[in-house]
Amino acid sequence: ATQASVSARVRDRVLVLEITDNGHGGADRGRGGGLTGLADRVAVADGRMLLSSPPGGPTVLRVEVPCRHTPSG
């Protein structure tokens with residue numbers, strides 16, 4: 001990948017993190033490694049991880065974790 005973006009927001013008491021890159025795709029959390037470890041950690045926090053990484057890209061990783069904190073302002 002030559003570019004990546006990261007966004008974070010709290011919506012309806014859920015922290016939503018989204019990471020997108022313009023790489024060639026093909027990421028697979030089922031093969032073990034870092035993505036599997038991340039999914040396990042998210043699950044421990046009662047969250048979920050969604051991954052879209054079709055051949056040719058882009059790859060989008062979305063993590064949603066319950067959050068009691070709501071932003072002020």
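When I speak of a contact here, I mean heavy atoms within 4.5 Å, and in that sense A1 touches D21, N22 and G23, leaving aside residues up to four places away in sequence. Please keep in mind throughout that the model is predicted.

Let me stay with A1 for a moment, since the residue sits in the segment before β1 and counts as exposed because its relative accessibility is 73%, where exposed means over 50%. If we measure from C-alpha to C-alpha, A1 and V14 are 28 Å apart in space, although 13 residues separate them in sequence.

Now to the strands themselves, beginning with β1, which covers residues 4-11, and β2, which covers residues 14-21; the two pair in the antiparallel sense over eight bridges. Within this pairing, R9 has V16 in β2 as its bridge partner. The two strands form a hairpin with two residues between them, and in the turn you will find D12, which has a positive phi of about 50°.

On which strand, then, does β2 find eight further partners in bridging, if we look beyond the hairpin? That strand is β4, residues 59-66, which runs antiparallel to β2 and is joined to it by eight bridges, and there L15 stands opposite V65.

Finally, I would like to turn to the surface, where V6, L17 and I19 form a nonpolar patch with about 230 Å² of accessible area together. Of these residues, L17 lies in strand β2, and L17 is called partly exposed because its relative accessible area is 30%, which falls between the limits of 20% and 50%.

How values were computed. Residues numbered from 1 in each chain as written. Predicted model: local features only at pLDDT ≥ 70, side-chain atom pairs only at ≥ 80, totals over all residues. Heavy atoms only, no water. Pairing = 2+ DSSP bridges. Helix = DSSP H or I, 4+ residues; strand = E, 2+ residues; numbered from the N terminus. Patch = residues over 30% accessible without salt bridge, like charges linked within 9 Å, V, L, I, M, F, W, Y side chains within 5 Å. Areas by Shrake-Rupley, 256 points an atom, 1.4 Å probe, with all protein chains shown as cover. Salt bridge = Lys/Arg side-chain N within 4 Å of Asp/Glu carboxyl O. Buried < 20%, exposed > 50% of the residue type's maximum accessible area, 1.4 Å probe, protein only.
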